[in-house]
Amino acid sequence: MTIRLPDFKGGLRAYEPRQEPLALTPGAPFSSRTVFSAAHVVADPYADTSPDSPAAVDWDATLAFRRHLWSHGLGVAEAMDTAQRGMGLDWAGAAELIRRSAAEAKAVGGRIACGVGTDQIAAGSLAEVRAAYEEQLAVVEESGAQAILMASRALAAAASGPEDYLQVYGHLLRQSAEPVVLHWLGPMFDPALEGYWGSSDLDAATDTFLEVIAAHPDKVDGIKVSLLDAGREIDIRRRLPQGVRCYTGDDFNYPELIAGDEKGFSHALLGIFDPLGPLAAEAVRVLDTGNVAGFRELLDPTVELSRHLFQAPTRFYKTGVVFLAWLAGHQSHFTMVGGLQSARSLPHFARAYELADALGLFPDPKLAEERMKNLLSLYGVAQ
């Protein structure tokens, strides 16, 4: 049996779906790496909303997906950009998500870290930015979750140079109750973050970033670097103070960065580990045994799918992530908060389906094929 898929030239091609998924079973957390999946949110498809409305979230399906990730030993990075922070999910929705997910994590024994930002304000003075961060940090700490200090659009707009970043982050780190993860999100994920850390020169920005960490090493559990630049991540990783972890956020080069080299390795906090969760977990368990080649054998073939989902404009990768969750049966519909399901083309979806199916990511390949055909029919593609 074949399915007719659109290509990138305006034509159709035949693809033969696989019949059996990979056999991937749940398991305990890992011993050699700390691994978080940045998880998406499931929209309520029956809510009467518009792109400008507050997000309407299907809480049952959203929390069920987090239980799925925890069951495979992954940690959940909550209320990050994968959850459409600043692209459909506002602070009120994010705060509710944090509280619900943290409570669920406590109930099932799952690990969780949550994003702290400033998205309750569009802009403001440095004092207002700092206050916005403090408000969100309090919500995360009160929930019992670890905090991830995310990059702030408002801070990028208000800061006049590196000293402003040193002042704001220094203040936040001094008052944080527990060590946090610092997140450097590049402008390919959010154009408003251009020039973060006070300079568009990445070498200068890196120096400021490392200066913040060096001044407060006891308050920094680790850093998440999302620059899609493996060489720079390795350089930063080697310059970190003893005991500060590097969590790769590089969705293009994650296998080599997690595997590491003779001088160290990266842990992981990745959006691509939302659709790859069970397969990524299996790979890390192989790595736990010291089998680097086996780890790479499992994870290297997934890079083509990840690079496809995260292709420019990179910030729309969330659309592909939710699309694959629908095909995999983790939600009953392909609807996103803010209407973001429209952000990618039909050929893009077709290629994502083909790559994910070839990897064996769909627990029920027939369901995925049926749903893909339904989507194609909506676009007028007859089978």
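**Exercise 1. Find what sits at the start of helix α7, and which side of α7 is buried.**

Step 1. Begin at the start of α7, where a side-chain oxygen of D229 comes within 3.2 Å of the backbone nitrogen of G231. Such a polar contact is a pair of N or O atoms within 3.5 Å; within protein, one must be able to donate a hydrogen and the other to accept it, and residues adjacent in sequence count only if both atoms are side-chain atoms. Helices (H or I, at least four residues) and strands (E, at least two) are DSSP runs, numbered from the N terminus.

A word on the model: it is predicted, so local features need pLDDT of at least 70 and side-chain atom pairs count only at pLDDT 80 or more, while totals for chains, interfaces and linings use all residues. Residues are numbered from 1 along each chain as its sequence is written, and side-chain values use heavy atoms, with hydrogens and water left out.

Step 2. Now list the buried residues of α7 (residues 230-238): A230, R232, E233, I236 and R237. Buried means under 20% relative accessible area, exposed over 50%, and partly exposed in between (1.4 Å probe, protein chains only).

Step 3. These residues cover an arc of only 160 degrees around the axis, so they are on the same side of α7. The arc is taken from the directions from the helix axis to the C-beta atoms.

Step 4. Look at the partners: the buried residues of α7 pack against β7, α6, β8 (220-226), β9 (245-248) and α8 (254-259). Contact here means heavy atoms within 4.5 Å.

**Exercise 2. Decide how the rings of W184 and W197 are arranged, then do the same for W326 and F334.**

Step 1. The structure holds 20 aromatic pairs. Rings of Phe, Tyr and Trp (its six-membered ring) pair if their centres lie within 6.5 Å; planes under 30 degrees apart count as stacked, over 60 as edge-to-face and the rest as tilted.

Step 2. For W184 and W197, the ring centres are 6.5 Å apart and the planes stand at 80 degrees, so this pair is edge-to-face.

Step 3. W184 belongs to strand β7 (residues 180-185) and W197 to the loop between β7 and α6 (202-215), so the pair ties together parts that are 13 residues apart in sequence. Both W184 and W197 are buried.

Step 4. For W326 and F334, the centres are 5.9 Å apart and the planes at 15 degrees, so the pair is stacked. W326 is buried at a relative accessible area of 9%, and F334 counts as buried at 13%.

Step 5. Now widen the view: Y133, Y165, Y169, W184, Y196, W197 and F209 form one aromatic cluster.

**Exercise 3. Describe the backbone at A79, L228 and P313.**

Step 1. A79 has a positive phi of about 55 degrees although it is not a glycine. You will find A79 in the loop between β4 (75-78) and α2 (91-108), where it is buried, with a relative accessible area of 0%.

Step 2. L228 is not a glycine either, yet has a positive phi of about 55 degrees. L228 is in the loop between β8 and α7 and is buried, with a relative accessible area of 18%.

Step 3. Finish with P313, in the loop between α11 (303-309) and α12 (317-327). The peptide bond from A312 to P313 is cis, with omega near -5 degrees.
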